[in-house]
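Thank you all for coming. I would like to walk you through a structure that may be new to you, taking it one part at a time, so please keep it in view while I talk.

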Amino acid sequence: MAGKVYLIGAGPGDLELLTLKAVRALAQADVALVDDLVNREVLQFLSPHARVMEVGKRGGRRATSQAFIERQMVQFARHGLCVARVKGGDPFVFGRGGEEVEALRKAGIEVEVVNGITAGIGVPAALGIPLTHRAYSHGVTFITGHVKEGGEMNWEALAHSGTTLVIYMGIAHLHEITARLVTAGLPAHTPAAAIQHGTLPSQREAISALDGLPEAVRRAGLGSPAIVVIGEVVNLAALAHEAHALRRVA
Ligand code: SAH
């Protein structure tokens with residue numbers, strides 16, 4: 001009998017943000033391929049016989065290539081195994097889930113996507129930031145800060161969108177990103193936040209006016225993985241002391 005692949009989103013970190021569907025899919029798996037942003041506590045829901053493969057791309061280890069991961073999944077499924085492909089957040093938000101589904105379908109493998117809470121939604125919520133509070137924002141825009149050659153962002157459109165901006169993978173290029181947004185017309189005093197390890201006990205954040213965010217992040221010693229949120233809604237973050245400081249600056 002042919003196997004199957006569950007493409008599972010493990011959420012932003014907090015174990016309790018895992019869906020019931022994810023727990024059920026994990027329990028069925030014979031083998032799990034796990035990305036590095038995934039909280040290892042989720043592995044407790046695997047059956048005791050399940051094999052775990054770490055396929056993360058960070059932490060000094062050699063990168064597991066995307067092609068290798070896809071080949072492994074196809075092979076396991078062809079052997080009749082049930083595969084749990086476990087990713088951080090949601091598999092279809094900046095997680096290469098789309099590519100994996102394409103590869104599996106091309107190989108004729110059944111695949112089922114199990115949503116997770118994406119970091120761009122779960123992490124701001126951990127600070128009490130309401131992304132689309134109607135008094136301040138017309139919507140929310142999720143973007144990647146991982147600037148690739150050729151794929152230039154439309155900074156003017158972003159600066160004038162009237163939406164809250166949520167940036168994934170933005171810490172490495174934060175200086176460039178904030179400068180471009182200000183040049184494109186987003187007011188330098190727009191409230192902004194960077195949150196590292198959101199929803200986890202190690203969560204830390206920096207809140208500042210947009211043009212001061214890179215410096216605030218540097219002072220706080222924040223690094224990846226972090227979510228950046230830009231917009232008036234950041235003023236509603238449940239951090240009384242920092243919000244006060246921001247108001248004094250503005
Ligand atoms: N598919 C994932 C995103 C993968 S891209 C999702 O839906 O969440 C990896 C980026 O996600 C990181 O660089 C960071 O910007 C963000 N991220 C993931 N987990 C995070 C966390 N706990 N706190 C802050 N940012 C996080």
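Let me begin with an open sheet, in which five strands follow the order β3-β2-β4-β1-β5 and pair in parallel fashion. At its edges you will find β3, residues 51-54, and β5, residues 110-114, each of which pairs on one side only. If we ignore direction, neighbouring strands of this sheet are turned against each other by 20° on average. I should say at this point that what you are looking at is a predicted model, and I will try to speak about it with that in mind.

Staying with the sheet for a moment, strand β2, which covers residues 31-34, runs parallel to β3 and is joined to it by four bridges. To pick out one pairing, alanine 32 has valine 52 of β3 as its bridge partner.

Now let me turn to the ligand. Where does the ligand's shell lie with respect to domain 1 and domain 2? Both domain 1, residues 4-114, and domain 2, residues 119-242, give residues to that shell, and therefore it lies between them. There are 18 residues around the ligand, and those that come nearest are Pro12, Val93, Thr118, Ala119 and Ala226. Two elements, α4 (119-126) and β10 (226-230), each supply at least two residues of the shell. Sorted by class, the shell has twelve nonpolar residues, five polar ones and one charged one.

Which backbone atoms come close to polar atoms of the ligand? A backbone N or O atom of alanine 119 lies 2.8 Å from a ligand oxygen, while a polar backbone atom of methionine 169 is 2.9 Å from an oxygen atom of the ligand. For a nitrogen atom of the ligand, the distance to a polar backbone atom of glycine 198 is 2.8 Å. As for how much of the ligand is covered, the protein takes up 94% of the 540 Å² of accessible area that the ligand has on its own.

Finally, I would like to point out two places in the backbone. In general, most peptide bonds are trans, and most residues other than glycine have a negative phi. Serine 224 and proline 225, however, are joined by a cis peptide bond with omega about 0°, and proline 225 is found in the loop between α7 (213-220) and β10. Arginine 96, which sits in the loop between β4 (82-87) and α3 (97-106), has a positive phi, near 65°.

Technical notes. Residues numbered from 1 in each chain as written. Predicted model: local features only at pLDDT ≥ 70, side-chain atom pairs only at ≥ 80, totals over all residues. Heavy atoms only, no water. Near = heavy atom within 4 Å. Polar contact = N/O pair within 3.5 Å; in protein donor to acceptor, adjacent residues only side chain to side chain. Areas by Shrake-Rupley, 256 points an atom, 1.4 Å probe, with all protein chains shown as cover. Nonpolar A, V, L, I, M, F, W, Y, C, P; charged D, E, K, R; others polar. Domains from an automatic or database assignment. Pairing = 2+ DSSP bridges. Axes fitted to C-alpha atoms, helices over the stretch in contact; angles between N-to-C directions.
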